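Subject: the structure I promised you

Hi,

Here is the structure we talked about, with my notes underneath. Have it open while you read, and tell me if anything is unclear.

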Amino acid sequence: MRAFSITAVAAALLVVAVPAQADEAAIEYRQHVLSSMGGHMQGLVKLLRQQVPHQSHMPVHVNGIATISQVVGDIFAAEAPGGDALDGIWENPDDFGSKVSALQEAAANLKAAMDSGDMGAFGGAVQGVGQACKGCHDNYRAE
Ligand code: HEC
């Protein structure tokens, strides 16, 4: 019964998924994903500056960034020009892919630094993530 009702819901959704809206949805979806990563990054900076008393939330933001970094390649995989995304993303897939990998490595490094408890390494790792964001934005995101 459960499998049947999921199929019915999927079929109902297919009826409303008009192809003309696919790109718009892809653009909005990737913006939602990236803005959630931006929220985690801003939250983390507030914690590091000790502007709020929620140090125990550190793993929420670090794990959020590390997890979201894993889908950044996927959200640009299908060519959907628009938003603030520059066409170079789909013209230079190898270079763009290297920016995605740089983010994933920086995010994994951030998580490792947090797990090690070495606050000096952690500060450097946060900067490393910031540089990975900027490294892609400078080339592939409209001002
Ligand atoms: C591999 C490239 C790449 C990396 C790495 C990257 N971004 Fe972006 N980001 C983009 C592109 C391209 C856009 C514009 C997307 C659009 O408008 O469709 C964007 C948009 C955004 C936005 C605006 C989303 C919106 O609501 O319009 C935020 C916030 C953001 N990025 C935060 C970050 C943060 C924080 C990092 C690092 C932790 C990061 N990004 C890493 C490519 C990247």
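One definition before the tour: the expected span of a helix is 1.5 Å times one less than its number of residues. Take α6: with 24 residues it should span 34 Å, and its end C-alpha atoms are indeed 34 Å apart, so the two values agree. Please keep in mind that this is a predicted model.

**The overall picture**

The protein chain has seven helices and zero strands, so to speak an α-α-α-α-α-α-α run from the N terminus on. Of its 143 residues, 17% count as buried. Looking at contacts with a separation of 6 or more, 71% are between residues 24 or more positions apart.

**Around the ligand**

There are 24 residues around the ligand, and those that come nearest are Gly38, Gly83, Asp84, Cys133 and Cys136. Two or more residues of this shell come from each of α2 (22-48), α6 (93-116) and α7 (119-140). The top contributor is α2, with eight residues. If you sort the shell by class, you get 15 nonpolar, five polar and four charged residues.

Cys136 also turns up in two long-range pairs. Asp95 is 41 residues away from Cys136 in sequence, yet their C-alpha atoms are 9.6 Å apart in space. Gly97 and Cys136 are 39 residues apart along the chain, with 9.8 Å between their C-alpha atoms. Asp95 lies in helix α6, and Gly97 is found in α6 too. Are these two buried or exposed? Asp95 is partly exposed, because it has 13 other C-beta atoms within 10 Å. Gly97 also counts as partly exposed, with 13 C-beta neighbours inside 10 Å.

**α2 and what follows it**

α2 has 27 residues, and its first and last C-alpha atoms are 39 Å apart, close to the 39 Å expected. Its buried residues are Arg30, Met37, His40 and Leu44, and they pack against α3, α4 (72-75) and α7.

After α2 comes Gln50, with a positive phi near 55°. Most residues other than glycine have a negative phi, which is what made me look at this one. Gln50 sits in the loop between α2 and α3. It is exposed, because 9 other C-beta atoms lie within 10 Å and the cut-off for exposed is 12 or fewer.

**α6**

The buried residues of α6 are Lys99, Leu103, Ala106, Ala107, Leu110, Ala113 and Met114. They pack against α3, α4 and α7. Just after the helix, Gly117 takes a positive phi of about 75°.

**α7**

α7 has 22 residues and reaches 32 Å from its first C-alpha to its last, close to the 32 Å expected. Which of its residues are buried? They are Phe122, Ala125, Val126, Val129 and Ala132. These residues are on the same side of α7, because they cover an arc of only 115° around the axis. The face turned away from that buried side carries the exposed residues Gly120, Gly123, Gln127, Lys134 and Asp138. As for what covers the buried residues of α7, the list includes α2, α3 (58-69) and α6.

**The nonpolar core**

The largest nonpolar core has 17 residues, and Ile65, Ala107, Leu110 and Val129 have the most contacts inside it. α2, α3, α6 and α7 each supply at least two residues of this core. Which helix gives the most? That is α6, with six residues.

Ala107 is a good place to zoom in. Leaving aside its neighbours within four places in sequence, Ala107 is in contact with Ile65, Ala66, Ser69 and Val129.

If you only have a few minutes, I would start with the ligand shell, then turn to the core around Ala107.

Cheers

Note on methods
Residues numbered from 1 in each chain as written. Predicted model: local features only at pLDDT ≥ 70, side-chain atom pairs only at ≥ 80, totals over all residues. Near = placed C-beta within 6 Å. Helix = DSSP H or I, 4+ residues; strand = E, 2+ residues; numbered from the N terminus. Nonpolar A, V, L, I, M, F, W, Y, C, P; charged D, E, K, R; others polar. Buried ≥ 20, exposed ≤ 12 C-beta atoms within 10 Å, placed from the backbone. Arc of directions from axis to C-beta. Contact = placed C-beta atoms within 7 Å. Core = buried A, V, L, I, M, F, W, Y, C linked by C-beta atoms within 7 Å.
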